[in-house]
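When a protein is shown together with a small partner, a careful reader can begin with the empty spaces and ask what borders them. Please look over the sequence and the structure below before reading on.

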Amino acid sequence: MKIVVGHLYPDYLNIYADRGNIAVLSRRAAWRGHELEVHSVSIGDPLIPGEHDLLYVGGGQDREQALVAQDLVAKAAGVQESVAAGAAVLAVCGGYQLLGRSYRDLHGSELPGIGVFPVDTVAGETRMIGDVLLECELEPGLRRTLAGFENHAGRTRLDPGAQPLGRVVAGFGNDGESGWEGCRVGRALGTYLHGPLLPRNPWLADWLLAQALAHRHGVAPKLEPLPDELETEAHAVSAKRAETRGGRRR
Ligand code: GLN
């Protein structure tokens with residue numbers, strides 16, 4: 001089966017190897033006989049609602065966010081329509097912030113977001129850097145952990161009642177205070193976790209693939225389990241690092 005991915009601003013928002021997330025989705029789809037078709041959607045490119053089963057956007061420094069923000073606003077209706085129609089989303093760090101309502105950078109300049117996530121972000125004086133470990137429950141009753149790396153000045157506030165992606169076990173998360181990380185709106189996930197995220201969290205890659213397949217084919221087919229020894233070890237190493245040294249301001 002085919003899965004169509006819209007990779008937003010791969011030429012601007014791609015730090016800490018965020019591009020690696022696409023490679024993982026592509027391999028894990030192929031290992032199950034599915035094909036991942038990746039479309040680069042950058043400045044000036046059209047975004048046709050419903051064309052993509054999964055929208056992906058990586059992180060970036062304030063400068064790159066400022067370069068794409070206005071173009072993303074011009075694509076807002078297309079992204080929101082795609083999400084409302086059940087497309088999956090993975091938005092990382094700077095991309096997560098711009099899929100919120102706004103990002104005010106360190107110099108006080110306000111970048112408009114497109115409001116997929118009910119959050120606002122304001123940059124603080126210090127950067128929140130380090131390994132992170134979260135506890136998530138994307139499927140009721142099924143608790144799993146996510147391990148990754150964060151580096152952001154932004155403090156993200158969720159609206160009351162908004163759903164975070166996970167509870168911070170170690171690290172800063174959205175703002176270093178609330179104890180929550182990321183945001184979830186149905187099949188759309190926002191997170192500060194770089195790394196890239198998916199190689200050391202294969203269950204989340206499979207969750208996103210299943211949501212994308214459900215978007216295109218109506219049902220989320222069962223994905224055959226894969227021999228994830230290396231991935232599981234990478235997760236354990238990353239989780240240990242987070243527990244021993246996550247969450248220090250610099
Ligand atoms: N520029 C944003 C911040 O500093 C996002 C950084 C990132 O994507 N790593 O918070």
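Which cavity is the space taken by the ligand? In this predicted model, the space that the ligand takes is the largest cavity. The idea behind such a search is simple: rolling a probe the size of a water molecule over the atoms shows where empty space is left.

Let us look at what surrounds the ligand. The shell around the ligand holds 16 residues, and those that come nearest are G60, D62, Q65, C93 and G154. When the residues of this shell are sorted by class, four are nonpolar, 10 are polar and two are charged. Several elements of the fold take part, since helix 2 (62-74), helix 4 (94-98) and strand 8 (142-158) each supply at least two residues of the shell, and strand 8 gives the most, with four residues.

Some of these surroundings can be followed down to single atoms. A backbone N or O atom of G60 lies 2.9 Å from an oxygen atom of the ligand, whereas D62 places a polar side-chain atom 2.6 Å from a nitrogen atom of the ligand. From the side chain of R127, an N or O atom is 3.2 Å from an oxygen atom of the ligand. Taken alone, the ligand exposes 300 Å², and the protein buries 100% of that area.

Next come the pockets. The largest pocket contains about 270 Å³ of space, and among the 17 residues that line this pocket, E139, R144, W203, D206 and W207 are the closest to its centre. Strand 8, which also contributes to the shell around the ligand, supplies at least two residues of this lining, as does helix 5 (202-217); helix 5 gives the most, with six residues. By class, the lining of the largest pocket divides into nine nonpolar, one polar and seven charged residues.

What volume does the second largest pocket have? Its volume is about 180 Å³, and its lining includes E135, C136, E137 and L138, together with residues such as W180 and R184. Strand 7 (119-139) and strand 9 (166-170) each supply at least two residues of the lining of this second pocket, with the largest share, four residues, coming from strand 7. Sorted by class, this lining has five nonpolar, two polar and five charged residues.

Definitions and conventions. Residues are numbered from 1 along each chain as its sequence is written. This is a predicted model: local features need pLDDT of at least 70, side-chain atom pairs count only at pLDDT 80 or more; totals for chains, interfaces and linings use all residues. Side-chain values use heavy atoms; hydrogens and water are left out. A residue is near a molecule or strand if one of its heavy atoms lies within 4 Å of it. A polar contact is a pair of N or O atoms within 3.5 Å; within protein, one must be able to donate a hydrogen and the other to accept it, and residues adjacent in sequence count only if both atoms are side-chain atoms. Accessible areas come from the Shrake-Rupley method with a 1.4 Å probe; for residues, only the protein chains shown count as cover. On a 1 Å grid over the protein atoms alone, a cavity is a set of points where a 1.4 Å probe fits but cannot get out, and a pocket is an open set with protein on both sides within 12 Å along at least five of seven lines; lining residues have an atom within 4 Å of a point. A molecule sits in a cavity or pocket if more than half of its atoms lie within 2 Å of its grid points. Ala, Val, Leu, Ile, Met, Phe, Trp, Tyr, Cys and Pro count as nonpolar, Asp, Glu, Lys and Arg as charged, and the others, Gly among them, as polar. Grid points are joined across faces, edges and corners, and a volume is the space filled by probe spheres set on the points.
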